Amino acid sequence: MNQHSMLSAPQTGRFRRKLLGWFRANKRSLPWRGQKDWYPIYLAEIILQQTTVEQGLPYYRAFIRRFPHVSALAAADLQEVLKLWQGLGYYARARNMHKAAGILVKEYHGRFPREYKQALKLPGIGPYTAAAILSQAYNRVLAVVDGNVSRVITRLLALEDDIRRTDTQKRIQHVADLLISRKYPGDFNEAMMELGALLCTPRAPRCGACPIRFYCRARAEGKTGHIPYKSPPSPKLKQYHLVMIRERDNRLLLQQRSDEGLLAGMWGFPVRAVSEKELEKPEELEEIIFKRSVLKKISPPMRHIYSHIDLKYRVLWLREHKESARDKGNGRWLKRYELESYPIHKAHLKALEWFDKQCCS
Ligand code: ADE
């Protein structure tokens, strides 16, 4: 038995039956499950990238209610899509989803392509998402490998290689391709993900309840504690910001981010990048306290972690009395309640939360 063809054909058949039997009896009841319409599946798979089912579910519900068909999503204003996505992060996913909806309506008569290669051409659709949608919606035999599936397979094989490496991922994909049920590929994929989410968890896996425990080498060898192995991440870029909540005549200045980069199209407050030292004593940075403004309060340091950036910031609440030359820009002076309808990125939502607490204390 080598690691590539670890099971004989009859064993593979039994493995699939065990897994699928367990899945049918134990799967969570999720709104996109058990339907063959591609659109709910598509929405769910885009939302669940880099997100747990628990975190993603309220977003899924909001999106399917507001945009029940792909044509509604395609016709929507991008700002509204971003607003509904607010708080979920990785906003490029929302932008791509909106763009893809437009293409599906225009070029595919509102349907999702059946061909893997065509699916991959859509914005925001990579090998994982294409396989997830096509297997669930059209019964195409395409195995998905996400974090949960990687964990299940590395443990199954007692594979100790670094799962960050591309060659390890290729090997895992190869095993998934061999194992996937030819008859029920969608259920098989979901079953592997579900097993990783419910039983084969990163810490304290519940091996006793696992339907495929007798095939699992990591369990047999007592290695579930250190498989999968993931090398430490490269350190994140450190950034320090002063976030300025400028208030004038009961209005706050909000600005839109440019169309590119991490938070493209989202809204936030004006920011000034500073050094770590300057963040400690922002009062000493005379020039940033505009001549015509009063510094009302400074927040304690806050932190927000992005995929590649570790951001530390403090919020300055500034009260201003006169217009300044700096106000001509892409900003809007808005009443506090008006901010509710703008898509604001998470770090600045936290800044706003802090600001809201200051007003009455
Ligand atoms: N994560 C991503 N897609 C999923 C699905 N279809 N079921 C369970 N977890 C998932």
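**Exercise 1.** In this predicted model, decide whether Tyr342 is buried or exposed, then classify the ring pair Tyr342 forms with Trp267.

*Solution.*
- Step 1. Tyr342 has a relative accessible area of 13%. Buried means under 20%, so Tyr342 is buried.
- Step 2. Trp267 has a relative accessible area of 3% and is likewise buried.
- Step 3. The ring centres of Trp267 and Tyr342 are 4.8 Å apart, with 75 degrees between the planes. Planes over 60 degrees apart count as edge-to-face, and the pair is therefore edge-to-face.
- Step 4. Trp267 belongs to strand β3 (residues 267-268), while Tyr342 is in the loop between β8 (331-335) and α14 (346-358), so the pair ties together parts that are 75 residues apart in sequence.

**Exercise 2.** State how many aromatic pairs a search of the whole structure finds, and analyse the pair of Phe63 and Trp85.

*Solution.*
- Step 1. The search gives 10 aromatic pairs.
- Step 2. For Phe63 and Trp85, the centres are 5.7 Å apart and the planes stand at 75 degrees, so this pair is edge-to-face.
- Step 3. Phe63 comes from helix α3 (residues 53-66) and Trp85 from helix α5 (residues 78-85), so parts that are 22 residues apart in sequence are tied together.
- Step 4. Both Phe63 and Trp85 are buried.
- Step 5. Elsewhere, one aromatic cluster is formed by Trp38, Tyr39, Tyr42 and Phe112.

**Exercise 3.** Identify which charged residues lie over the rings of Trp333 and Trp317.

*Solution.*
- Step 1. Over the face of Trp333 lies Arg248, at 4.1 Å from the ring centre.
- Step 2. Over the ring of Trp317 sits the charged end of Lys296, 5.6 Å from the centre.

**Exercise 4.** Describe how helix α11 packs against α8 and against α1.

*Solution.*
- Step 1. The axes of α8 (residues 127-138) and α11 (residues 185-198) come within 7 Å and cross at roughly 125 degrees. That value lies outside 65 to 115 degrees and is not over 145, so α8 and α11 are oblique to each other.
- Step 2. The crossing of α8 past α11 is left-handed.
- Step 3. On the α8 side the contact uses Tyr128, Ala131, Ser135 and Gln136; α11 supplies Pro185, Gly186, Asn189, Glu190 and Met193.
- Step 4. The axes of α1 (residues 9-26) and α11 come within 9 Å, crossing at roughly 70 degrees. This makes α1 roughly perpendicular to α11.
- Step 5. Residues of α1 in this contact include Phe15, Leu19, Trp22 and Phe23, and those of α11 include Phe188, Ala191, Met192 and Leu195.

Definitions and conventions
Residues are numbered from 1 along each chain as its sequence is written. This is a predicted model: local features need pLDDT of at least 70, side-chain atom pairs count only at pLDDT 80 or more; totals for chains, interfaces and linings use all residues. Side-chain values use heavy atoms; hydrogens and water are left out. Rings of Phe, Tyr and Trp (its six-membered ring) pair if their centres lie within 6.5 Å; planes under 30 degrees apart count as stacked, over 60 as edge-to-face and the rest as tilted. Helices (H or I, at least four residues) and strands (E, at least two) are DSSP runs, numbered from the N terminus. Buried means under 20% relative accessible area, exposed over 50%, partly exposed in between (1.4 Å probe, protein chains only). A charge sits over a ring if NZ of Lys or CZ of Arg is within 6 Å of the ring centre and within 35 degrees of the ring normal. Axes are lines fitted to C-alpha atoms, for helices over the stretch in contact, and angles run from 0 to 180 degrees between N-to-C directions. Angles under 35 degrees count as roughly parallel, over 145 as roughly antiparallel, 65 to 115 as roughly perpendicular and the rest as oblique. A crossing is left-handed if the near helix is turned anticlockwise from the far one by less than a right angle, and right-handed if clockwise. Contact means heavy atoms within 4.5 Å.
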